[in-house]
Amino acid sequence: MTEFSVFYQRTNDKPASPICLIQTPKQILSLHLDKILFIESRQKHSIIHTVTEEIEISIPLYRILSHLPNDIFIQIHRSFIINLDNISFNSLFFNFADTS
């Protein structure tokens, strides 16, 4: 059975850094949360996308979301969770029509 947990790891005098541990039948993976770009659901699996890799795990999206900090990760669709810290906007413009 695959398990997903989030811990805060302190190194030297640096602030605690959140990491997730993913325990699969074959191995335990350690991944810093700030490396996660987004997580998507495909059929009965979830895929964690980072800049360098895609990690496929057999945990439903709702279980992953329940362990993640809700001020950083939000579910934007039934199949996607995004990391707000990894989103940037170059510019954002709103044009409102003159109704007079």
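**A strand pair, its sheet and one salt bridge**

Phe73 stands opposite Asn83 in β8. This is a predicted model, in which local features need pLDDT of at least 70 and side-chain atom pairs count only at pLDDT 80 or more, while totals for chains, interfaces and linings use all residues. Residues are numbered from 1 along each chain as its sequence is written, and side-chain values use heavy atoms, with hydrogens and water left out.

Trainee: Over how many bridges do β7 and β8 pair?

Mentor: Strands here are DSSP runs of E with at least two residues, numbered from the N terminus, and two of them pair if DSSP finds at least two bridges between them. For β7 and β8 (residues 80-83) the pairing is antiparallel, and the number of bridges is four.

Trainee: Which strands stand at the edges of the open sheet of five strands?

Mentor: The sheet has antiparallel pairing and the order β6-β5-β4-β8-β7. Each edge strand has a single partner, so one side of each is left without a neighbour in the sheet, and these strands are β6 (54-57) and β7 (73-77).

Trainee: Which residue forms a salt bridge with Arg42, and is that residue buried or exposed?

Mentor: A salt bridge requires a side-chain nitrogen of Lys or Arg within 4 Å of a carboxyl oxygen of Asp or Glu, and the closest N and O atoms of Arg42 and Glu40 are 3.0 Å apart. Buried means under 20% relative accessible area, exposed over 50%, and partly exposed in between (1.4 Å probe, protein chains only). Arg42, at 44%, is therefore partly exposed, whereas its partner, at 10%, is buried: Glu40.
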